[in-house]
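Please examine the structure shown here alongside its sequence. The paragraphs that follow move from backbone geometry to a pocket, then to an acidic residue and to the end of the chain.

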Amino acid sequence: MALQIVHHPDYDAGFAVNHRFPMSKYPLLMAALRARGLAVPEALSMPEPAPAAWLKLAHAGDYVDQVLACEVPARIEREIGFPVGQRVSLRAQLATAGTVLAARLALKHGIACNAAGGSHHARRAQGAGFCTFNDVAVASLALLAEHAVGNILIVDLDVHQGDGTADILKDEPRAFTFSMHGERNYPARKIASDLDVALPDGTGDAAYLDRLGAILPELSASRRWDIAFYNAGVDVHAEDRLGRLSLTDNGLRARDKAVIGHFRARGIPLCGVIGGGYSTDVPALAQRHAILFEVAAGFA
Ligand SMILES: [Zn+2]
C-alpha cells in the first residue's frame with residue numbers, strides 16, 4: 001500500500017529565498033515526492049492546526065499563548081532565529097499537528113511520515129534553533145494522554161543534539177530519548193537525553209553506520225516499544241551548510257534503511273519526521289529529504 005504522507009501547503013511560511021532557514025524546501029520536497037510517484041491522493045493527509053491543549057502538554061502555557069497570539073518576546077524570537085508572525089505561528093501549529101497525525105497513521109498502518117517536523121530544539125519554556133514547537137514531544141505526550149501507547153522511543157539522528165526533546169520528556173519515564181549527533185554542532189550546551197552519542201567532526205558513512213547498527217538492537221531489547229519516532233535530519237550530509245559530519249547520499253539511504261528496517265522487522269510502528277537540512281541549493285536539499293520517503297515507501 002501507499003506510504004502515508006502528511007503534508008500541508010502552509011508548512012511553507014514563505015521566507016525570503018536568502019533566509020538562513022531554507023523554507024522553500026517544503027514545497028520542493030513535495031515536488032520531489034510527486035516526481036517519485038509517492039505523493040498520490042490516497043497517500044496524502046492534511047492536518048488541522050494543533051489545538052492549544054496539545055501544545056500545552058509539552059510547552060509552558062504562557063509560551064503557547066504568546067505563539068498563538070504572535071506576541072513572542074523579541075529575546076525568544078532571537079533564540080528561535082526568526083520573528084513569530086502569523087504565517088510562522090500557523091506553520092508551527094500545522095507541522096506539530098502533522099506529526100500527531102502521522103503518529104496516528106503509523107499506529108494504524110505501521111509506518112507514516114510527516115513532510116515536516118523534527119523541531120527538536122524547542123524546550124518546555126520556549127522555542128530555539130529554528131524550532132517553535134516541539135512536534136515529536138507534543139505527539140508523544142498527546143498519544144500517552146489518550147492512552148494510545150504506553151512506551152515511546154525517539155530516535156533522533158539529526159546532526160544537532162535533541163536538547164528540547166530531552167528537556168520536555170526528562171520526567172516522562174514512558175518516553176525514551178536517543179540522540180546521535182555531531183559533538184561540536186549546536187547546541188553548545190546540550191541537555192542530556194536518555195542516551196546520547198556524540199560523533200567527532202567528519203564522521204563518514206562507515207563509522208556512522210557501524211555505531212548506529214550496534215545501538216539499534218540495544219534499544220529494541222530494552223523495552224517493548226509501542227511506537228518509534230524517527231527524526232531523519234539530513235544535516236549529517238557532507239554538503240550540509242551547518243552539519244559537521246560527512247555522510248553521502250548512499251550513507252543517508254543506508255541509515256534510513258537501517259532504522260526503518262530494524263523497527264518494521266519487529267512490528268514496531270514508525271513515525272518519520274524530516275528534521276534539519278541546510279543548503280543554499282534548496283532543490284538538492286529537497287532531494288536529500290526525499291530519501292526518507294523513498295526508503296519508508298519500501299516498508300509501507
Ligand atoms: Zn539539525
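Phe-130 sits in the loop that runs between β3 (111-114) and α6 (135-145). In this predicted model, its phi is near 65°, a positive value in a residue that is not glycine. With a relative accessibility of 13%, Phe-130 counts as buried, because the cut-off for that class is under 20%.

Phe-130 also belongs to the lining of the largest pocket, where it is among the residues nearest the centre, together with His-121, Gly-129, Cys-131 and Tyr-278. The lining comprises 32 residues, and the volume of this pocket is about 450 Å³. Which helices each supply at least two residues of the lining? They are α1 (25-35), α4 (74-80) and α5 (86-109). The most is given by α5, which provides 4 residues.

A positive phi in a residue other than glycine is found again at Cys-70, where the angle is near 55°. Cys-70 occupies the loop between α3 (61-68) and α4. Its relative accessible area is 27%, so Cys-70 is classed as partly exposed.

Another point of backbone geometry concerns Tyr-186 and Pro-187, which are joined by a cis peptide bond with omega of about -5°. Pro-187 is located in the loop that links β5 (175-182) to β6 (195-199).

Attention now turns to an acidic residue. Asp-158 lies in the loop between β4 (152-156) and α7 (163-169). Asp-158 is buried but forms no salt bridge. Its nearest side chain of opposite charge is that of Lys-25, at a distance of 7.3 Å; a salt bridge is counted within 4 Å, so this pair does not qualify. What does the side chain of Asp-158 reach at 2.7 Å? The partner is the backbone nitrogen of Gly-276. Apart from neighbours within four places in sequence, the residues in contact with Asp-158 include His-120, Met-180, His-181 and Asn-231. Gly-233, Asp-235, Val-236, Gly-275 and Gly-276 are also in contact with Asp-158.

The last stop is Gly-298, in the segment that follows α10 (282-297). Is Gly-298 buried or exposed? Its relative accessible area is 63%, and therefore Gly-298 is exposed, the threshold being over 50%. Between Gly-298 and Arg-184 there are 34 Å in space, taken from C-alpha to C-alpha, and the two are 114 residues apart in sequence.

Methods
Residues numbered from 1 in each chain as written. Predicted model: local features only at pLDDT ≥ 70, side-chain atom pairs only at ≥ 80, totals over all residues. Heavy atoms only, no water. Buried < 20%, exposed > 50% of the residue type's maximum accessible area, 1.4 Å probe, protein only. Lys, Arg positive; Asp, Glu negative; His and termini not counted. Polar contact = N/O pair within 3.5 Å; in protein donor to acceptor, adjacent residues only side chain to side chain. Contact = heavy atoms within 4.5 Å. 1 Å grid on protein atoms, 1.4 Å probe; cavity = no way out; pocket = protein on both sides within 12 Å on 5 of 7 lines; lining within 4 Å. Points joined across faces, edges and corners; volume = space filled by probe spheres on them.
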